[in-house]
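Colleague: I am new to this structure and would like a close look at one part of it. Please start from the ligand and work outwards.

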Amino acid sequence: MKVDYLIVGSGLTGATIARILTDAGRKVLVVERRSHLGGNVHDHYHPSGIRIHTYGPHYFRTSSEKIWKFVNRFASFYNYEAVLKSYVDGCYENWPIAGSYIRRIIGENWQPEFKGIPTNFEEASLAIMPNLIYKKFVKEYTEKQWGVPAYTLSSCLAKRFNVHENDDPRLKMNKYQGIPYNGYAHLMNNILKDIPTLLNFNYLRHRDLIKVEKMLVFTGSIDEFFNYDMGRLAYRGQQREDVYISNVDYAFPAGQINNPSTVNGDHIRILEWKHMMPKEYADNIQGTVLTKEFPFSPTNQDNYEYPFPDEANSNLYLSYRKRADQTNKLLICGRLGEYKYYDMDQAIARAMVLARRIIETT
Ligand SMILES: Cc1cc2nc3c(=O)[nH]c(=O)nc-3n(C[C@H](O)[C@H](O)[C@H](O)COP(=O)(O)OP(=O)(O)OC[C@H]3O[C@@H](n4cnc5c(N)ncnc54)[C@H](O)[C@@H]3O)c2cc1C
């Protein structure tokens, strides 16, 4: 089979590129190795009617008019501002940590523990909070998440959270925040509507079946593309255990409860999906579904979630990147292809730039 543009992977990166190329009149084929479109933002329904984000909770946030307009072309969104809690000393405390909590526990004139230029995650965290707060909220949580001591991790990781001066419980303040009214699967199917797609097709097992005339856009793992011949990039993922409780409407005060202490179990967080549904739907459903997440180091690419934030993996990635960039008619991109955590709006923004570049150069 011959195609002009082959897009491997139907997640937000592949789907956005496929959509923009198709809109520009280019001939595209999307192949996906899973049995559904949409990559990691996919969702599905529990028999009770509760919608579960299959690969972990996804809160859509952006301050870009362009990206908000793009996603709203394919789905309408209801307003959802994620509120997260951390279970600390038997109470559900705000996450990010509330200023009032620190004042209550440490005192009015609290100071961050670390002064100077942080060289690792632990120092970067202590540069914004006192040691006791770090221990209660961050240290064990991080060590569960990554399976290594916090001081061995990159300082960049600490940029993903902050301490709130006030008590605003919202996770992030973007101009637009929401969840697609009919779910992410519906959004992704609409982005890819009328574009030829093949499901259950692992491109790497059938490279010879499709001849690509103009560009191969690969959004899977970059090391897998090159048969791991320089070594494997490390990832962390989550094993998820769902439980349906029929006689309770809501079990928790928020959709996401972090579990930063090992004393309360090895899970890192509990998700209560009903909180993430439009209230008028959720309140009419009997019972609740809870999902416990347990971090682990996956070897199956389907479970790859977070690139491992250390120097050895960054350097290995750069070696693969160099090769990818030197290969003609090949673009490896997306969260797996660039070995980079992208929020959904960042993945779309990046895909928009790449799609424009493909249109201009091929
Ligand atoms: C646990 C978790 C929670 C998150 N929560 C949020 C959130 O709240 N808000 C937010 O903005 N972002 C969130 N994100 C980020 C979001 O998931 C990403 O931005 C998005 O998934 C990136 O899309 P992508 O297309 O790059 O990758 P993916 O969605 O992973 O798509 C890649 C696709 O390629 C397919 N593929 C790979 N190899 C092959 C092959 N050989 N042949 C065929 N197909 C292949 C895969 O099956 C997959 O479908 C979260 C991420 C994780 C891990």
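How many residues surround the ligand, and which are the closest?

Modeller: This is a predicted model, in which local features need pLDDT of at least 70 and side-chain atom pairs count only at pLDDT 80 or more, while totals for chains, interfaces and linings use all residues. Numbering runs from 1 along each chain as its sequence is written.

Now the ligand. It is surrounded by 35 residues. The closest are Gly9, Gly11, Gly39, Gly56 and Gly220. A residue joins this shell if its C-beta atom, placed from the backbone, lies within 6 Å of the ligand. By class, the shell holds 15 nonpolar, 13 polar and 7 charged residues. Here Ala, Val, Leu, Ile, Met, Phe, Trp, Tyr, Cys and Pro count as nonpolar; Asp, Glu, Lys and Arg are charged; the others, Gly among them, are polar.

Three helices each supply at least two residues of the shell: α1 (12-23), α10 (334-337) and α11 (344-361). Helices (H or I, at least four residues) and strands (E, at least two) are DSSP runs, numbered from the N terminus.

Take α11 next. This helix has 18 residues. From its first C-alpha to its last it reaches 26 Å, close to the 26 Å expected at 1.5 Å a residue. The expected span is 1.5 Å times one less than the number of residues. Buried residues of α11 are Met344, Asp345, Ala347, Ile348, Arg350, Ala351 and Ala355. Buried means that 20 or more other C-beta atoms lie within 10 Å of a residue's own; exposed means 12 or fewer, partly exposed is in between, and C-beta atoms are placed from the backbone. What covers these buried residues includes α1, β5 (60-62), α2 (65-72) and α10. So α1 and α10 appear twice, because they also supply residues of the ligand shell, and they are among the cover of α11.

Step back to the whole protein. Its domain assignment gives domain 1 (2-75 + 181-233 + 307-361) and domain 2 (97-160). Such bounds come from an automatic or database assignment. The C-alpha centres of the two domains lie 33 Å apart.

Now some strands. Strands β1 (2-8) and β11 (211-218) run parallel and share 6 bridges; two strands pair if DSSP finds at least two bridges between them. Ile7 has Val217 as its bridge partner in β11. Strand β11 also joins β17, again in the parallel sense, over 3 bridges. There, Phe218 stands opposite Ile332.

Next comes Leu233, in the loop between α7 (222-225) and β12. Leu233 is buried because 21 other C-beta atoms lie within 10 Å. Leaving out residues up to four places away in sequence, Leu233 touches Ser221, Asp223, Pro307, Asn313, Leu316, Tyr317 and Tyr339. Contact here means C-beta atoms, placed from the backbone, within 7 Å. Ser221 is 12 residues from Leu233 along the chain, and their C-alpha atoms are separated by 8.8 Å.

Follow the chain into β12 (235-245). This strand pairs antiparallel with β16 (306-307) over 2 bridges. Tyr235 has Pro307 as its partner in β16. Strand β12 is also joined to β15 (288-296) by 9 bridges, antiparallel. In β15, Thr288 partners Ile245, and Leu290 partners Val243. Val243 is exposed, because just 11 other C-beta atoms lie within 10 Å. Val243 and Thr288 are 45 residues apart in sequence but 8.3 Å apart in space, C-alpha to C-alpha.

These strands belong to an open sheet of 7 strands, ordered β8-β7-β13-β14-β15-β12-β16, with mixed pairing. At the edges stand β8 (91-95) and β16, each with a single partner strand, so one side of each has no neighbour in the sheet.

Last, some backbone details. The peptide bond from Trp95 to Pro96 is cis, with omega near 5°. Pro96 sits in the loop between β8 and α3 (99-105). Asp194 has a phi near 70°, positive in a residue other than glycine. Asp194 lies in the loop between α6 (184-191) and β10 (197-198). It is exposed, with 8 other C-beta atoms within 10 Å. Lys329, also not a glycine, has a positive phi near 60°. Its loop runs between α9 (311-325) and β17 (330-332). Lys329 counts as partly exposed, because it has 13 C-beta neighbours inside 10 Å.

Note on methods: Two residues are in contact if their C-beta atoms, placed from the backbone, lie within 7 Å.
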